[in-house]
Amino acid sequence: MFGSLRTNSGDALLASALEGRGIILEPEFVVREALARGALVRLMRDYAWRRRLLYVVYVNRRYLPVNIRSFVDYLAEYYRQAAEPHDPTLMMRPPGNAAFPG
């Protein structure tokens, strides 16, 4: 029997699930490839979890260095793409669920 694993690393949780050590709750973009190749199976399709926000804090927008602006733009694009389901069956939302607008 396995104990519980608690970590803030999506990669560690994914590796644990791929080893058959249990069930994980991770954003679709973390497990997308494993689901697509059949290494993982999605459970509880009607379960929806609340989206989390990411904040980037910097001193002054007026004098923002180019490398910081580029990094902020990169993060915004990365998380925008990550939030888009590539396979609609992976992101089925229950009717009337406010956690998934639209």
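Biologist: How much accessible surface does the protein have, and what percentage of that surface belongs to carbon and sulfur atoms?

Modeller: The model is predicted. In this model the accessible surface of the protein comes to about 8,600 Å². Carbon and sulfur atoms hold a share of that surface, and the share is 56%.

Biologist: Which elements make up the protein, and in what order do they run?

Modeller: The protein has 3 helices and 0 strands. Read from the N terminus, the order of the elements is α-α-α.

Biologist: What percentage of the residues count as buried?

Modeller: A residue is buried when its relative accessible area is under 20%. The protein has 102 residues, and the part of them that counts as buried is 20%.

Biologist: Where do the buried residues of α1 lie around the helix axis, and which helix is among what covers them?

Modeller: Helix α1 spans residues 10–18, and its buried residues are Gly10, Leu13, Leu14, Ser16 and Ala17. They cover an arc of only 160 degrees around the axis, so they lie on the same side of α1. What covers them includes residues 28–36, that is, helix α2.

Biologist: Which residue just after α1 takes a positive phi?

Modeller: The phi in question is about 80 degrees, and the residue that takes it just after α1 is Gly20.

Biologist: Which aromatic pair ties together parts that are 49 residues apart in sequence, and is it stacked or edge-to-face?

Modeller: The count of aromatic pairs comes to 2. In one of them, Phe29 and Tyr78, the ring centres are 6.1 Å apart and the planes stand at 85 degrees; planes over 60 degrees apart count as edge-to-face, so this pair does. Because Phe29 lies in helix α2 and Tyr78 in helix α3, the pair ties together parts 49 residues apart in sequence. The pair is Phe29 and Tyr78, and its geometry is edge-to-face.

Biologist: Which residue forms a stacked aromatic pair with Tyr78?

Modeller: The two residues of this pair both lie in helix α3, 4 residues apart, about one turn of the helix. Their rings are 6.1 Å centre to centre with 25 degrees between the planes, and the partner of Tyr78 is Tyr74. Ring pairs thus link a cluster of Phe29, Tyr78 and Tyr74.

Biologist: Are Glu28 and Arg32, which form a salt bridge, buried or exposed?

Modeller: The closest N and O atoms of Glu28 and Arg32 are 2.7 Å apart. Both residues lie in helix α2, 4 residues apart, about one turn of the helix. As for their accessibility, Glu28 and Arg32 are both buried.

Biologist: With which residue does Arg69 form a salt bridge?

Modeller: Arg69 is partly exposed at 30% relative accessibility. Its partner is partly exposed as well, at 40%. The two are 4 residues apart in helix α3, so about one helical turn separates them. The closest N and O atoms are 2.9 Å apart, and the partner is Asp73.

Biologist: Which residue meets Arg21 in a salt bridge?

Modeller: Arg21 is partly exposed, with a relative accessible area of 43%. The partner is exposed, with a relative accessible area of 54%. The side chains meet at 2.8 Å, N to O, and the partner is Glu19.

Biologist: Which residue of the nonpolar surface patch is found in the loop between α2 and α3?

Modeller: The patch is made by Ile23, Leu25, Val41, Leu43, Met44 and Tyr47 and covers about 690 Å². Val41 counts as exposed because its relative accessibility is 67%. The loop between α2 and α3 holds Val41.

Key
Residues numbered from 1 in each chain as written. Predicted model: local features only at pLDDT ≥ 70, side-chain atom pairs only at ≥ 80, totals over all residues. Heavy atoms only, no water. Buried < 20%, exposed > 50% of the residue type's maximum accessible area, 1.4 Å probe, protein only. Arc of directions from axis to C-beta. Contact = heavy atoms within 4.5 Å. Patch = residues over 30% accessible without salt bridge, like charges linked within 9 Å, V, L, I, M, F, W, Y side chains within 5 Å. Areas by Shrake-Rupley, 256 points an atom, 1.4 Å probe, with all protein chains shown as cover. Salt bridge = Lys/Arg side-chain N within 4 Å of Asp/Glu carboxyl O. Phe/Tyr/Trp six-rings, centres within 6.5 Å; stacked < 30°, edge-to-face > 60°.
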